[in-house]
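This report describes the fold of a single chain and the packing of one pair of its helices.

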Amino acid sequence: MKTLKYLLAFFLLSASVIGQNLNSIDAMFVIDNSGSMKKNDSGFLLNKTLTMFVQNQQDDTDIGFILFSDKVDVFIPLIPLKVDTAKSSLKKIINYINYSGKYTNSPSAIEKAYYELKTNGRKGCDKIIIFLTDGIVDLENYAKNDEKSRWLKEVIADDCKTERIRIFSIAFTEQADF
């Protein structure tokens, strides 16, 4: 039931993003592919959510995907949705999400999304990061967790603010680091 609540929040987010933007949108999805997501998205509703979000976007939206766990991969760089390859790329990423990663390196994932939007984003577009996770920063040890968490909150978040990149976070559990 909780997952359904978070899924509904995501749909409301997508509607609000579309409704308030008159400009084109460059959106990077940052998707947690760690093992703990199996428990918190056992119905695998994420794939339906991604599909619906993409289908409801305007043609002038560019979209990209980053998958992360212990490793961070720009799975699909920013590509225009109006290109047929965008929809087939979406199918590829949905098939690749398997929630099998060992750790949750969200700071590095947000950083990659930031640089993808800063470097490859279009001028005059609204830039957003849609961050989907169930957890907290979880690396090899507590000191590293604290260091990376601080770096995310103090450096990366500030860089995003400076570049006018909005971050929308969707947490799949109430234990996430809000």
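How are H5 and H6 oriented relative to each other? The model is predicted, with local features needing pLDDT of at least 70 and side-chain atom pairs counting only at pLDDT 80 or more, whereas totals for chains, interfaces and linings use all residues. Residues are numbered from 1 along each chain as its sequence is written, and side-chain values use heavy atoms, without hydrogens or water.

Helix H5 and helix H6 pack at an angle of about 15°, their axes lying 9 Å apart; the axes are lines fitted to C-alpha atoms over the stretch in contact, and angles between N-to-C directions run from 0 to 180 degrees. H5 and H6 are therefore roughly parallel to each other, a term for angles under 35 degrees. H5 passes H6 in a left-handed crossing, that is, the near helix is turned anticlockwise from the far one by less than a right angle.

The residues that meet (heavy atoms within 4.5 Å) are listed below.

| Helix | Range | Residues in contact |
|---|---|---|
| H5 | residues 106–120 | Pro 107, Ser 108, Ile 110, Glu 111, Tyr 114 |
| H6 | residues 142–162 | Lys 148, Ser 149, Trp 151, Leu 152, Ile 156, Asp 159, Cys 160 |

By class, this contact of H5 with H6 comprises 7 nonpolar, 2 polar and 3 charged residues.

The chain as a whole contains 6 helices and 5 strands, DSSP runs of at least four residues (H or I) and at least two (E) respectively. Along the sequence, the pattern reads α-β-α-α-β-β-α-α-β-α-β. Of the 178 residues, 51% are buried, meaning under 20% relative accessible area with a 1.4 Å probe.

Key
Parallel < 35°, antiparallel > 145°, perpendicular 65-115°, else oblique. Nonpolar A, V, L, I, M, F, W, Y, C, P; charged D, E, K, R; others polar. Buried < 20%, exposed > 50% of the residue type's maximum accessible area, 1.4 Å probe, protein only.
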